[in-house]
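Here's a quick briefing to read with the model open beside you. It goes through some helix packing and then the protein–DNA contacts.

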Number of protein chains: 2
Amino acid sequence: MAKAHPSLDPTELGAYFALIEVSSLLRHSVEQQLREAGDLSYVQFQLLARLGDSPAGSHRMTDLADGVVYSRSGLTYQAQLLEQRGLITRTPSPNDERSTSVSITEAGRDVLTRVFPGHIAVLNELLFESLSPADVSMLGDVLGRVRDHMRSTPPRSAAPRRRKTE
Amino acid sequence: MAKAHPSLDPTELGAYFALIEVSSLLRHSVEQQLREAGDLSYVQFQLLARLGDSPAGSHRMTDLADGVVYSRSGLTYQAQLLEQRGLITRTPSPNDERSTSVSITEAGRDVLTRVFPGHIAVLNELLFESLSPADVSMLGDVLGRVRDHMRSTPPRSAAPRRRKTE
DNA sequence: ATCCATTGCTTCGAATCCGAAGCACAGAGA
DNA sequence: TCTCTGTGCTTCGGATTCGAAGCAATGGAT
């Protein structure tokens, strides 16, 4: 019904829908595993993982928020929870009094290692099982390109109607 | 740091991260466009789109929920909102008194057509601009396969421990 | 030195979301 | 017929989420 749009071709539509659907389903399953294995939400896991991966084991709040694609206020909330549980610490940055440096604690790393195997198991079961190494490689390549493009594109995407000084 | 996990190889990790990141960023941008163009959340748009695409223009609640990967209670909530705005109607199914049949209204279709061009514009700008037709095709193919696999996999993935009467 | 636009983060209120519990109907089986 | 289990949806309570507004510190510019 209704094909009178400046529509996408079926291939594009298919790719788009599949992308959304896969990420939604994957997220759900992962979320469940994380909840059971370490009582973590997906965002919390992402935060800990990022901190754990960082050489210094710490990041600024804003960088974390941008990294996981999350609102700043949302991050503040989650950081509070993680701090209460002793999985991270928050200290004002020495250089810049405004900024807060978030670091992962030993307990935080412990939770991470406790949760990791199951996490990977879910990914293998759900995501990688049906893909060949070549598929995975090309997926990473293509999506990586898209990500870079999105990251570099000016935040405001939607309405670039031409506009002079006016 | 910490590579002592039953880890994924870097290629897999890259694909996974890119997938999550792309879908998050895309979702954000789309959400924004939909909000501005038609005061719709992403879920609401998905629901309307699904109904609009359906030959009969209607679906059961449960099928909608499964389709868009959403909780049933969440769907009830969103359906209320859409019904209040006159974009859908809910009527008990004739065959099965338990089931609710959701249909899109004319007003609903109008909103859809009002919102569509911008939606597609965002997709083109953000998602397709950096991809060749071949990329899109492969993406759709690979992700489609993953989706089918996920859909066919028993809902409970992680812990299918055997369980008798106890 | 003083302003002031910017940046980093938090607080606030309202909207959204989910799972558990509840209600009503359906479809067996005895 | 009369259960009993399962299905479909909603209600409820609590947790999570976001954007707007607020506060504090920064880094120029005057």
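**Helix packing and DNA contacts**

Helix H6 (residues 133-152) of chain A packs against helix H1 (residues 10-38) of chain B at an angle of about 40°, the axes being 8 Å apart. Helices here are DSSP runs of H or I with at least four residues, numbered from the N terminus; axes are lines fitted to C-alpha atoms over the stretch in contact, and angles run from 0 to 180 degrees between N-to-C directions.

Keep in mind that this is a predicted model, where local features need pLDDT of at least 70 and side-chain atom pairs count only at pLDDT 80 or more, while totals for chains, interfaces and linings use all residues. Residues are numbered from 1 along each chain as its sequence is written, chains are lettered from A and ligands numbered from 1 in the order in which they are written, and side-chain values use heavy atoms, with hydrogens and water left out.

**Between the chains: H6(A) and H1(B)**

- H6(A) and H1(B) are therefore oblique to each other, given that angles under 35 degrees count as roughly parallel, over 145 as roughly antiparallel, 65 to 115 as roughly perpendicular and the rest as oblique.
- Their crossing is left-handed, meaning that the near helix is turned anticlockwise from the far one by less than a right angle (clockwise would make it right-handed).
- On the H6(A) side, the residues in contact (heavy atoms within 4.5 Å) include A:Val136, A:Leu139, A:Leu143 and A:Met150; on the H1(B) side they include B:Ala15, B:Leu19, B:Val22 and B:Leu26.
- By class, the contact of H6(A) with H1(B) comes to eleven nonpolar, four polar and four charged residues. Ala, Val, Leu, Ile, Met, Phe, Trp, Tyr, Cys and Pro count as nonpolar, Asp, Glu, Lys and Arg as charged, and the others, Gly among them, as polar.

**Within a chain**

- In chain A, the axes of helix H1 (residues 10-38) and helix H5 (residues 106-128) come within 9 Å and cross at roughly 150°.
- H1(A) and H5(A) are therefore roughly antiparallel, and their crossing is right-handed.
- Among the residues making this contact are A:Leu26, A:Val30 and A:Leu34 of H1(A), plus A:Val111, A:Val115 and A:Val122 of H5(A).
- The H1(A)–H5(A) contact splits into ten nonpolar, five polar and one charged.
- Over in chain B, the axes of helix H2 (residues 42-53) and H4(B) come within 10 Å and cross at roughly 75°, so H2(B) and H4(B) are roughly perpendicular.
- Here B:Gln44, B:Leu47 and B:Leu48 of H2(B) meet B:Leu75, B:Gln78, B:Leu81 and B:Leu82 of H4(B).
- That contact of H2(B) with H4(B) has five nonpolar, two polar and no charged residues.

**DNA strand C**

- 22 residues surround DNA strand C, and the closest are A:Thr62, A:Thr76, A:Arg90, B:Tyr70 and B:Gln78 (a residue is near a strand if one of its heavy atoms lies within 4 Å of it).
- Of the strand C atoms within 4 Å of the protein, 72% are sugar and phosphate.
- Phosphate oxygens of strand C sit 2.7 Å from a polar side-chain atom of A:Thr76, 2.7 Å from a side-chain N or O atom of A:Arg90 and 2.9 Å from a polar side-chain atom of B:Tyr77.
- H4(B) gives the most to the surface near DNA strand C, with five residues.
- That surface near strand C has five nonpolar, ten polar and seven charged residues.

**DNA strand D**

- 23 residues surround DNA strand D, with A:Tyr70, A:Ser71, A:Gln78, B:Thr62 and B:Arg90 the closest.
- Sugar or phosphate supplies 70% of the strand D atoms within 4 Å of the protein, and bases supply the rest.
- A phosphate oxygen of strand D lies 2.3 Å from a polar side-chain atom of B:Thr62, one lies 2.9 Å from a side-chain N or O atom of B:Arg60, and one lies 3.3 Å from a polar backbone atom of A:Glu97.
- The largest share of the surface near DNA strand D, five residues, comes from H4(A).
- By class, the surface near strand D has five nonpolar, eleven polar and seven charged residues.

How values were computed:
Polar contact = N/O pair within 3.5 Å; in protein donor to acceptor, adjacent residues only side chain to side chain. Helix = DSSP H or I, 4+ residues; strand = E, 2+ residues; numbered from the N terminus.
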